[in-house]
Amino acid sequence: MVLEETGVVPGSALPVAALADHLRLGTAFAGDALQAGLLESQLRAAIAAVEGRTGKALIARGFRLVLTCWRGDGAQPLPVAPVSAVGEVALVDAAGARVVLEAARFRLERDTHRPRLVAVSGGLPAIPAGGRVEIGFTAGFGAGWADVPADLRQAVMLLAAQFYETRHDAGDAVAGLPLAVQSLLERWRTVRLFGGGQG
């Protein structure tokens, strides 16, 4: 399985000014492009950490899932949530020939933790020997920062602030997320009950 991001979160969607306020940088921050760039990088790192821990895309963007085999006969779990739309589903053979499947053959089964691509009737189409299937989809709570649930926004803010404040550390600190951040993320974590199998 390979998961690729096909879209990028625009800088305009990131709460750079809110992080500056959180850090109490004051009015001196306004117009400081170097400081704004540093805060944006800390926010992107914090968002990546939160998304990695929860399996949730915070701000909507495109993804592509590449598989060499299906996880089930009639449905394929998608590794990121929440999914708002499934785009192109294509079979690619060993020689690279690509066939885009009809959208009417599939439907999106929405779920907070485990959305799935489901065959409308029968099973999922056979993947060519030595080939793959590519599934394009859009995941995220929405296009703007205000669309992200409040507890996840707070987790990102706390983590970005920690990254900013410890950016010059020599690396002696204990690794891991702060307890407050872990507590905020707990309800969003996907529980794996079946050891990676169907479920």
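**Fold, sheet and cores of the predicted model**

From the N terminus on, the elements of the protein follow the order β-α-α-β-β-β-β-β-β-β-α-α. The model is predicted. The protein holds 4 helices and 8 strands. Of its 199 residues, 38% are buried. The exposed surface comes to about 10800 Å², and carbon and sulfur atoms supply 53% of this area. Contacts reach far along the chain. Among those between residues at least 6 apart in sequence, 76% join residues at least 24 apart.

One open sheet consists of 3 strands in the order E3-E7-E6, with antiparallel pairing. Its edges are strand E3 (75-77) and strand E6 (106-109), each of which pairs on one side only. Neighbouring strands of the sheet are turned against each other by 20 degrees on average, direction ignored. E6 and strand E7 (residues 116-119) run antiparallel and are joined by 4 bridges. Within this pair, Leu108 stands opposite Leu117 in E7. In general, strands of a sheet pair through backbone hydrogen bonds, in either a parallel or an antiparallel manner.

The largest nonpolar core contains 28 residues. Leu19, Val50, Leu58, Ile59 and Val156 touch the most other members. Helix H1 (16-22), helix H2 (33-54), helix H3 (150-165) and helix H4 (179-185) each supply at least two residues of this core. H3 gives the most, with 8 residues. Apart from this core lies another, of 20 residues. Its members include Ala57, Val83, Leu101 and Phe106. Phe106 also falls within the range of edge strand E6 (106-109).

Ile59, one of the residues of the largest core that touch the most other members, was examined further. Residues up to four places away in sequence were not counted. On that basis, Ile59 touches Val9, Ala13, Leu14 and Glu51, among others. The list also includes Ala139, Gly140, Gly142 and Ala143, as well as Trp145 and Val148.

The backbone shows a cis peptide bond from Ala81 to Pro82, with omega near -15 degrees. Most peptide bonds are trans in general. Pro82 lies in the loop between E3 and strand E4 (83-92). This loop thus follows an edge strand of the sheet, E3 (75-77). Val83, at the start of E4 (83-92), is among the residues of the 20-residue core.

Terms used
Residues numbered from 1 in each chain as written. Predicted model: local features only at pLDDT ≥ 70, side-chain atom pairs only at ≥ 80, totals over all residues. Heavy atoms only, no water. Pairing = 2+ DSSP bridges. Axes fitted to C-alpha atoms, helices over the stretch in contact; angles between N-to-C directions. Buried < 20%, exposed > 50% of the residue type's maximum accessible area, 1.4 Å probe, protein only. Contact = heavy atoms within 4.5 Å. Areas by Shrake-Rupley, 256 points an atom, 1.4 Å probe, with all protein chains shown as cover. Core = buried A, V, L, I, M, F, W, Y, C linked by side-chain atoms within 4.5 Å.
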